[in-house]
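User: Please take a close look at the disulfides in this structure, and set them beside the local backbone and sheet features that belong to the same picture.

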Amino acid sequence: MIILIYLFLLLWEEAQGWGFKDGIFHNSIWLERAAGVYHREARSGKYKLTYAEAKAVCEFEGGRLATYKQLEAARKIGFHVCAAGWMAKGRVGYPIVKPGPNCGFGKTGIIDYGVRLNRSERWDAYCYNPHAKECGGVFTDPKRIFKSPGFPNEYEDNQICYWHIRLKYGQRIHLSFLNFDLEDDPGCLADYVEIYDSYDDVHGFVGRYCGDQLPDDIISTGNVMTLKFLSDASVTAGGFQIKYVAVDPVSKSSPGKNTNTTSTGNKNFLTGRFSHL
C-alpha cells in the first residue's frame, strides 16, 4: 500500500510538472522558440547543415548562431528540442528540459558535444534573434479560427510561426483551410505551411503546403497537432485562415469531408511519413 501511494505521488508530481490540468496536456516545452533562440534545420531535412551553412541559415533570417549561454537561458524557461545543432564558435549540442531514455541520455541541461574540429559535420542549427517577428500560440479551446500575421493583409517576410493545438485526451482535431494564399513555388521551398501530427515539428510530418489552392481537410490521429508557417526574405502573398474543431471519439466527421491524415488536393504539396503517437 505504501509503495502504491509513493508511486501515485511520483506520477502526480510528474503530471503537475508537465502541466496536466482539466484533461488537457499543457506542454509549453515544444514551442521551439524561447528567449530569442530557435531551432532550424535544412529544408532538405534533419542533420544536413555544415557549420558554414548553419551560420548562413541564421544570418539569412536576420540572426546569428546562438551561444551556449543563450541556449541554456532558453532551456531554463522551457526550450526543449531533441535534435543536436550548431552553436556559435563551432559548438554542437541540444537543450533538454525533461530527461527521457531516447533523448538526452536521461539527463537534463545542454547535451554538449563540444567544439567540433570538423566543421563539415552535418547537424541542425540553433539561431538567436531577439528581434525576430514572433507569432503563433498554443490552443486548447475545442474550436478556433487562427490566421497568418496581418491577415487579411499580406504577411511579412522572414516570419517563423508555430501553432500548437492541444485538446483533451481521446479527442481528435479536424483542421479546415478557409483561405490560403502563399508564394507559389513548385517545391514549396520559399513560403509554406507544414503540418505535424505530434507535439513538435520533428515527428508525424503530414505535409508541406504553398500556392493558392485550398488544401483538403485533415483529421489528426490523436489530440495534438503542430502547424509551422515560414516565409523567406522575398515575395509575400495574402496569407491564410485555418479553422479547427474538436472531434469526440463517438463523433463522425461531416459528410463529404476528407478524413485522411494526408492530402493530395493541393498541387503544391509535399507529403510525408505519418506516425501515430
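Analyst: What follows takes the disulfides one by one and then turns to the sheet, the backbone and one loop residue. The model is a predicted one, and a search of the whole structure finds 3 disulfides.

The pair C58 and C127 is a disulfide whose sulfur atoms are 2.0 Å apart. Because the torsion about the S-S bond of C58 and C127 is about -80°, this disulfide is left-handed. C58 belongs to helix α2 (residues 51–60), while C127 belongs to strand β9 (residues 124–128), so the pair ties together parts that are 69 residues apart in sequence. C58 counts as buried because its relative accessibility is 0%, and C127, with a relative accessibility of 0%, counts as buried as well.

The pair C82 and C103 also forms a disulfide, with the sulfur atoms 2.0 Å apart. Here the torsion about the S-S bond is about 130°, so the disulfide of C82 and C103 is right-handed. C82 sits in the loop between α3 (68–76) and β6 (85–86), and C103 in the loop between β7 (91–96) and β8 (109–115), so this pair ties together parts that are 21 residues apart in sequence. As for accessibility, C82 counts as partly exposed at 24%, whereas C103, at 13%, counts as buried, because the cut-off for buried is under 20% relative accessible area.

The loop between β7 and β8 also holds F105, a residue other than glycine whose phi is positive, near 55°. F105 is exposed, with a relative accessible area of 61%.

In the disulfide of C188 and C210, the sulfur atoms are 2.2 Å apart. The torsion about its S-S bond is about -80°, so the disulfide of C188 and C210 is left-handed. This pair links distant parts of the chain, 22 residues apart, with C188 in the loop between β13 (172–181) and β14 (192–196) and C210 in the loop between β15 (205–209) and β16 (218–219). Both C188 and C210 are buried, and for C188 the relative accessibility is 0%. C188 has a further backbone feature, a positive phi of about 50°, although it is not a glycine.

Two of the strands that border these loops, β13 and β16, pair in the antiparallel sense over 2 bridges, and within this pairing L175 has I218 of β16 as its bridge partner. They belong to an open sheet of 4 strands, which runs in the order β11-β18-β13-β16 with antiparallel pairing. The edge strands of this sheet are β11 (143–147) and β16, each of which pairs on one side only. In general, strands of a sheet pair through backbone hydrogen bonds, in either a parallel or an antiparallel sense.

Strand β11 also leads to another backbone detail, as P152 has its place in the loop between β11 and β12 (160–166). The peptide bond from F151 to P152 is cis, with omega near 15°.

Strand β18 (239–247), in turn, borders the loop in which A233 is found, with β17 (224–230) on the other side. A233 counts as partly exposed, since its relative accessibility is 37%. Apart from its neighbours within four places in sequence, A233 is in contact with F60, D157 and N158. A233 and F60 are 173 residues apart in sequence, yet their C-alpha atoms are 7.8 Å apart in space.

Terms used
Residues are numbered from 1 along each chain as its sequence is written. This is a predicted model: local features need pLDDT of at least 70, side-chain atom pairs count only at pLDDT 80 or more; totals for chains, interfaces and linings use all residues. Side-chain values use heavy atoms; hydrogens and water are left out. Buried means under 20% relative accessible area, exposed over 50%, partly exposed in between (1.4 Å probe, protein chains only). Contact means heavy atoms within 4.5 Å. A disulfide is a pair of cysteine sulfur atoms within 2.5 Å. Two strands pair if DSSP finds at least two bridges between them.
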